[in-house]
Each structure stands twice: as C-alpha cells, then as structure tokens.
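Subject: Two-chain model, handover and notes

Hello,

Here is the model I said I would pass on. My notes on it follow below the structure.

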Amino acid sequence: MIKLIHTLVLVTVASVVLHANAAQDKPFAEQKVVLQISDADPTKQTLVLNVASNLIKAYGPDKVDVEIVAFGPGLRLMFDDNHNKGRISGLTDSGVRFAACGNTRKKMTKALGKEPTLNGNATVVPAGVVRIVDLVNEGYILVKP
Amino acid sequence: MIPTRRKIYSLMAVIAGCLITQSAYSANWLMLQGTEAHKQGQAPRAHVWGFIQAQYQYDNSDPNPAGGYIPPKLIGPNLDDQSQFNINRARIGVRGTGFPLDSKVNYFILAELGNNGITYGDDGKHLTDASITFNHIPGARVRVGQFKYPGAEEGLQAIHVFDYINFTSVTNQLLLERFPNPDGSDSNQGPTPTPNADMNQYSQSVGAFRDVGVQVFDMFKGGSWEHTYAVMVGNGNGINRGDNDGNKDWYLYWSSELVFGGKGGRREGWKTFAWYQDGKRTNAYDRTQEQDRTRYGAGTKYLKKPFRVTAEVMAGEGMIFQGQHRPQHIFNNGEASGGYIEGGWYIGSTNLEIDLRYDTYTRDENHPTSASGHESTADTVTLGAQYHFNKKTRLNVEYASRDYKSDTPAVNTQQKDVDGRFAIQVTHIF
C-alpha cells in the first residue's frame, strides 16, 4: 500500500514537473508540438529525433516547445542503453522534453522480469496516450512521424 | 629458388610503413557480424537481408601440349570450361534481437543459394551462418554456433563489400580450406580437355572461413581508437558440421583501429591486425594419420576517401592445398606463405572507383619430399574498376594478369601457360 502511495506521489510530482516545464521552460514559444513514438520500427526512433531536431533548427530553441512521448514498443527509444542516448542528451539541452509511458514500463517489467532502466532525461508519466491528449488540449500540435 | 620470402618481407615493410605513417578502409567485422551493438536498443526483432551476385568470367590460358587443362585455367566452381555465366552468390538471411526488449541477446542466420564452393556438390544450398550472441559480460561477449572465425581480413570481411571479384591466390589456396570426403571417395584427376572437364573433385563444401564453435570477443574504445580481441574454439571442419576427428581448432585475433568516421562495412579508419589458428586434421584416406594445420598472419587496412590501401601477409604449415583436382594430396606437412597489397582510388565526385592489387603465393616450401614436388609460385596483378549505381548496387570489372611457375618441371608444364582472366560482376544488396 505504501509502495502504491509512493508511486502515485512520484507520478503526480512528475506530471506537475512536466506541466510546469511545459509552461515555464519555453515562455516565448510560438509553436507547441508533441511528437508520438509508439512504433516498433527502429527507423522511427531516428526519425522522431530528426523531426525534433529539425523543429528546433527551423524555429529556434526558444520559439518552439517540443515534447516526445513514448509508449508501447516505442518506449525502447528511452531505454538507458539505447544507441540514441547521445542525441537525446543533446536535444534535452535544446529544451526538448521526453515523456515515458508508465503503463508500458509496467508491462515491459513483467515481460523482462525486471524493470527496464530508462534514460535519465526521460520523465515517467502515468500513461503516454493520456499525456498526448492533455498536451493537445493545451494547444500542442500532435505529429506522429 | 623462388624468392617469395623476399616478397613477403617487402610486404611486411609496406605494412610497417603504413603503421609509421598512419596512412585505412576498415570495419570492425567481429562487432558488425556478431552483435547488434551498433543498433543498441534499436535492433529489430527480425531484419531480413541478403545479396545477389551475378557474374561472367573468361580465362585466356592455353592448355598443356596434350590439350589438358588444370583448375587455374578453368572457371569455378564447376571447372568445366574457360568461360561461364554464373550466379555465384545468392544469400538471404535474418538478424536481430528475437526479443527486442532484451538487447543483450542477438542472432544471425544466413543461407547460400548461389553456385560456388560452398554449395557445389551440396544440392545448391547451404546454411552458412547460424549464431547467437550473448552480450551480458562486459568485455567478454560470447557467440555460439556457426559463423566466420576471426582471421585474415580478406576472409573475415563481408563478401558483399569485397572490392574484387576473385580472391587472391594466397587466400584462395592457403586459407579457404577444402575438405575431402571423409569416406575417402574423392579421387584425383589429371589435366582434362574442355568442355566438361569437371576438374572439381571435392564433394564437400569449402570452409568458407567459418567454423562451428564458441567465440569470446569484445571491442574496447579509447578516444578515436577501437581495440578488438577474439578467442575461439571450433570443430575445425568448416561448415560441414560435426567434428569429424575429435580435434578442436583454436583461433586468436587482435585488431587496433583508428576510426576516422562513418559506419558499417565501409567505415573509414586505419586498422592493424594479427591472427593465429591451430588445429589438426585426419587423413581422409588413412584415418590412423593426423596432421597439424597452422595458419597465421598480420595486416593493415586504411581507408580515407578518396584512397584505400590494404596489405596482408600470411603463412601456414600442414594441409597445403594442391588444387581442386587433387583432393588426395591435401594431407601433407608442407609449408606455404604469401601476401598481397592493394589500393583503391575513388574518382572525385563520380561513382567510379579504380582498384589495383598485387598478390603472391608460394606453396610446398622447404619440403622436397612433398607429394606434389617442390615450390610453386603464383603471382597476380589485378586491375579492377567499380561503378556504384547506388549504395546497394555496384558493377565490378577486373582483369587479372597471372604468372604461375614451379621448380618441378612436370608441374611447371601445367602451370606456365596460366594466363589472364577477365571477370565482370553485378552485386545487389537488399
């Protein structure tokens, strides 16, 4: 029970932090984009990072607010041992946020027999799809490369 | 006395020169073929891939005075005639991580359906690779199954990015192992007129630079350098499966590479490597006899476009190949050595590449009682060109000028008329 409460508190805090980041990190953002990665196709991992990078290049780091939300097979992008770790770190420095689906992590923990270690730059949200709906309601444009 | 040792020393000097001047095209084949490390967390469950090579070859050699031909004057693997169209390689395979959430385990499986030494006499199909790699122990990845053993660059490299059509004589004869049928049914054949010379008397697959066994290996990075080691133990029976003699082969390998950039099989860098193999073979015609088989070598490879330079030296003792028509003479304690130096020039902003290679090989050295006589030498200069239609499709054209001779008059009569060979080949990777 205590574990469950801790988890709920952590998830709530994470959501609040993400929401706060969304609002505070990019006060001058004129464009707001949420990128979805939920595909098993490995080339999609590269593609979604390329899109984020291109958005930053086109509008400038301060003028565009980008969040990448991973769920389902797409969560592999945010595994700590992912080949793209360096790129994720670079994009984080440019202000891109990474949200990892808590539901998917739970499922993968069951399949793996242990909890997968996620990239330190990723923030766990309760459900990836809910996070996307929330962001769209806040005015973000949803792009699924 | 044919001065092969002097040529080898010259090649070694060239390698040493490359080391000093830091002049390389090189890829880390052990990591590329054995792991999905370059796609960590990205490797698919099953990536289907393969390639097709279609070719035509024409040999310009004259027969012996009686009108007979020996294998170097005919087109393999059939060795029937002096010209042939062929689908020499048609391979299809699957690789990846069967359970993508666990990137610590990956697999590699590949089958050959083309017409070559692997499939000749084997119904036209053969499984060349089937391996599983465990990446759990830092610094000691473990690969089990059937796969390319660590060794010389020309054998270890992915054949679909090989810059020439035919192997050098030293690789073809010293390293590409032939296995006579263990029941002793493979017999010798003398020079035969064409067509339908049918000089390939081996009924089992060539070794294809592969073995079935266990390999421990890994790569370590230090700045721009990559250092790779491998230790392997295998059956020593090529891709013919099973251990036919109860003896195991041991393989050792080390490479250090200064990586310039790029990725995959055409990564730019400068690599230097050394390798050693040791095992025993049983005489197919008298199973009470065993023979040591040792091979060793070193080399260097440099690629930084527009230039590529490669040089290798190799030597071996025991089981010295005497030709596709003489399977009963492969069991021997002869010595052999050779090497090659080659270079490539990528022409400006075109898709064209010019290649030039010199290779030398001497067999039956220091062995006056060899069944086949004394030293025989093969020197070849190959001039080639490649046109890259795109990253996956290319055309190779090459002409090999060959000079074969032997200290033994009877052998020399057969070899002295070995002449030029023209080859053209299209490769498409999918």
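How many helices and strands does chain B have? There are 5 helices and 16 strands in chain B. Please keep in mind throughout that this is a predicted model.

Chain B overall

The radius of gyration of chain B is 21 Å, close to the 22 Å expected from the globule rule for 430 residues, so chain B is as compact as a globular protein of that length. Along the principal axes, its C-alpha atoms fill a box of roughly 65 × 55 × 40 Å. Buried residues make up 48% of the 430 in chain B.

Contact between the chains

The contact between the two chains involves 10 residues of chain B and 11 residues of chain A. On the chain B side, the residues that touch chain A are 4 nonpolar, 4 polar and 2 charged.

Chain A: elements and sheet

Chain A has 5 helices and 5 strands, and from the N terminus on they run α-β-α-β-α-β-α-β-α-β. Of its 145 residues, 35% count as buried. Among contacts in chain A with a separation of 6 or more, 78% come from residues 24 or more positions apart.

An open sheet of 5 strands is found in chain A, in the order 4-3-2-1-5 and with parallel pairing. Strand 4 (122-125) and strand 5 (141-143) of chain A are the edge strands, each pairing on one side only. From one strand to the next the twist averages 30 degrees.

Strand 2 of chain A

Strand 1 (residues 31-37) and strand 2 (residues 64-70) of chain A run parallel and are joined by 7 bridges. Two of the bridge partners can be named: Lys32(A) is matched with Asp65(A) in strand 2, and Ile37(A) with Ala70(A) in strand 2.

Is strand 2 of chain A enclosed or exposed? Strand 2 of chain A has 7 of its 7 residues buried, so it is largely enclosed by the rest of the structure. In a regular strand, side chains alternate between the two faces of the sheet. Both faces of strand 2 of chain A are covered, with Val64(A), Val66(A), Ile68(A) and Ala70(A) buried on one side and Asp65(A), Glu67(A) and Val69(A) buried on the other. The bridge partners Asp65(A) and Ala70(A) therefore belong to opposite sides of this strand, and both are buried.

Helix 5 of chain A

Helix 5 (residues 128-137) of chain A lies across strand 1, strand 2, strand 3 (97-101), strand 4 and strand 5 of chain A, and runs at about 155 degrees to strand 2. Which residues of helix 5 of chain A are buried? They are Gly128(A), Arg131(A), Ile132(A) and Leu135(A). These residues cover an arc of only 100 degrees around the axis, which puts them on the same side of helix 5 of chain A. What covers them includes strand 1, strand 2, strand 3, strand 4 and strand 5 of chain A, together with helix 4 (102-112). Gly139(A), which follows helix 5 of chain A, has a positive phi, near 110 degrees.

Regards

Methods. Residues numbered from 1 in each chain as written. Chains lettered and ligands numbered in written order. Predicted model: local features only at pLDDT ≥ 70, side-chain atom pairs only at ≥ 80, totals over all residues. Helix = DSSP H or I, 4+ residues; strand = E, 2+ residues; numbered from the N terminus. Rg over C-alpha atoms; globule rule 2.2 N^0.38 Å. Buried ≥ 20, exposed ≤ 12 C-beta atoms within 10 Å, placed from the backbone. Pairing = 2+ DSSP bridges. Axes fitted to C-alpha atoms, helices over the stretch in contact; angles between N-to-C directions. Contact = placed C-beta atoms within 7 Å. Nonpolar A, V, L, I, M, F, W, Y, C, P; charged D, E, K, R; others polar. Arc of directions from axis to C-beta.
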